[in-house]
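Subject: Two-chain model for your review

Dear colleague,

Please find below the structure that I am handing over to you. My notes on it follow directly after the sequence and the model.

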Amino acid sequence: MNNSIRVNCTKKNLKLIRDFVTEYLKALALSDILMNQIVLAVDEICANLIIHANHEDPTKYLTLKIQTLKDQVKFEIADQGAAFESNNYKEPNIQEHIRMGKKGGVGIALVNRIMDKVEFLTEGSQNICLLYKKIK
Amino acid sequence: MPMKITQEIKDNTIIMTLDGELDASSSVILDEELSDPEIMKYSKILVDCQKLNYISSAGLGVFISHLQRFEDAQIKLIFFNMQDKVRNVFEILGLDLLMTIVSDYEEARTIANE
């Protein structure tokens, strides 16, 4: 089965990425809720990379690779944009967001709560985000 | 088109039907609809989520960003007919406790008229 996809950095490609992940996960017969959560986590990371790290520059690309390990699924998302500064990350206060009318900033919180492990690595000019989710 | 939004007006209520997927790309349309000053003329916004198949943080963010403005204007925002997988996304962030999500249209009407 084809387990990787490379797309350029436009928001329109998020649907393509979600469909690709959904198609891959179908074989694992997950519940609707779990399937949606995993697709969501990948979508959130890719949206951040496209919008923030690569400023929706269509000449830039990101690559998503999916692997099924023993009892978990691993997602590897690579790009060459600005690295995510995970050390500066703070969990959002949703009530504060509501009070301030803030639109963004809750995506990574969703990813952290859904996935079992989230890692951000930089190798030279390449940034890699690794997501792991237990499925059994 | 990944997201189609239709509006039906009944007296002081807008029934907004979301059809499709609300992601970082399509949520812009929802934001435009909710930012329309016309919407402030109504006292109830009932959001039919039956055909909302997906929501990401961008879609949630649009609702989060308008919630206070609607509350200040005493406009009730009520979601109904939400699919379990979509409701689950609200629950992960605890938004189900901060927003009004009910099972069906009848319940939405009842709560809107309280």
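In which sense do β4(A) and β5(A) pair, and over how many bridges? The two strands run antiparallel and are joined by seven bridges. Helices (H or I, at least four residues) and strands (E, at least two) are DSSP runs, numbered from the N terminus, and two strands pair if DSSP finds at least two bridges between them.

Before going further, please note that this is a predicted model, in which local features need pLDDT of at least 70, side-chain atom pairs count only at pLDDT 80 or more, and totals for chains, interfaces and linings use all residues. Residues are numbered from 1 along each chain as its sequence is written, while chains are lettered from A and ligands numbered from 1 in the order in which they are written. The model scores ipTM 0.95 and pTM 0.96. For chain B the mean pLDDT, the predictor's confidence in each residue from 0 to 100, is 96, and 99% of the residues of chain B reach 70 or more.

Chain A

The sheet of chain A is open and has five strands in the order β1-β2-β3-β5-β4, with antiparallel pairing. At its edges are β1 (4-8) and β4 (117-123) of chain A, each of which pairs on one side only. From one strand to the next, the twist averages 15°. (Axes are lines fitted to C-alpha atoms, for helices over the stretch in contact, and angles run from 0 to 180 degrees between N-to-C directions.) Helix α2 (residues 32-53) of chain A packs on this sheet and touches β2, β3 (72-79) and β5 (126-134) of chain A. The direction of this helix makes about 10° with that of β3(A). Contact between two residues here means that their C-beta atoms, placed from the backbone, lie within 7 Å.

At one edge, β1(A) is joined by five bridges to the antiparallel strand β2 (residues 61-68) of chain A. Within this pair, S4(A) stands opposite K65(A).

β5(A) is joined to β3(A) by eight bridges in the antiparallel sense, and V73(A) has K133(A) as its bridge partner. On the β4(A) side, F120(A) is partnered by C129(A), and E123(A) stands opposite Q126(A). β4(A) and β5(A) form a hairpin with two residues between them, and G124(A) in the turn has a positive phi of about 65°.

Which residues of β5(A) are buried? N127(A), C129(A), L131(A) and K133(A) point to one face and are buried, whereas Q126(A), I128(A), L130(A), Y132(A) and K134(A) point to the other and are not. A residue is buried if 20 or more other C-beta atoms lie within 10 Å of its own, exposed if 12 or fewer, and partly exposed in between, with C-beta atoms placed from the backbone. Of the seven residues of β4(A), zero are buried, so this strand lies largely in the open.

K12(A) is in the loop between β1 and α1 (13-26) of chain A. This lysine has 16 C-beta neighbours inside 10 Å and therefore counts as partly exposed. K12(A) and Q80(A) are 68 residues apart in sequence and 19 Å apart in space, C-alpha to C-alpha.

An unreviewed UniProt entry carries the annotation "domain: Histidine kinase/HSP90-like ATPase" for residues 10-128 of chain A. UniProt positions are given in the numbering used here, feature names are shortened, and annotations may be inferred rather than shown by experiment. The span of residues 10-128 of chain A is 43% helix and 22% strand, and its end C-alpha atoms lie 18 Å apart.

Chain B and its contacts with chain A

Chain B also has an open sheet of five strands, in the order β1-β2-β3-β4-β5, with mixed pairing. β1 (3-10) and β5 (100-102) of chain B each have a single partner strand, so one side of each is left without a neighbour in the sheet. The twist averages 25° from one strand to the next. Strand β2 (residues 13-22) and strand β3 (residues 44-55) of chain B pair in the parallel sense over nine bridges, with I15(B) opposite L46(B). Helix α1 (residues 27-35) of chain B lies across β1 and β2 of chain B, at about 20° to β1(B).

Between the chains, 25 residues of chain B are in contact with 28 residues of chain A. On the chain B side, α2 (57-72) and α3 (84-92) each supply at least two residues, and α2(B) gives the most, with ten.

Yours sincerely
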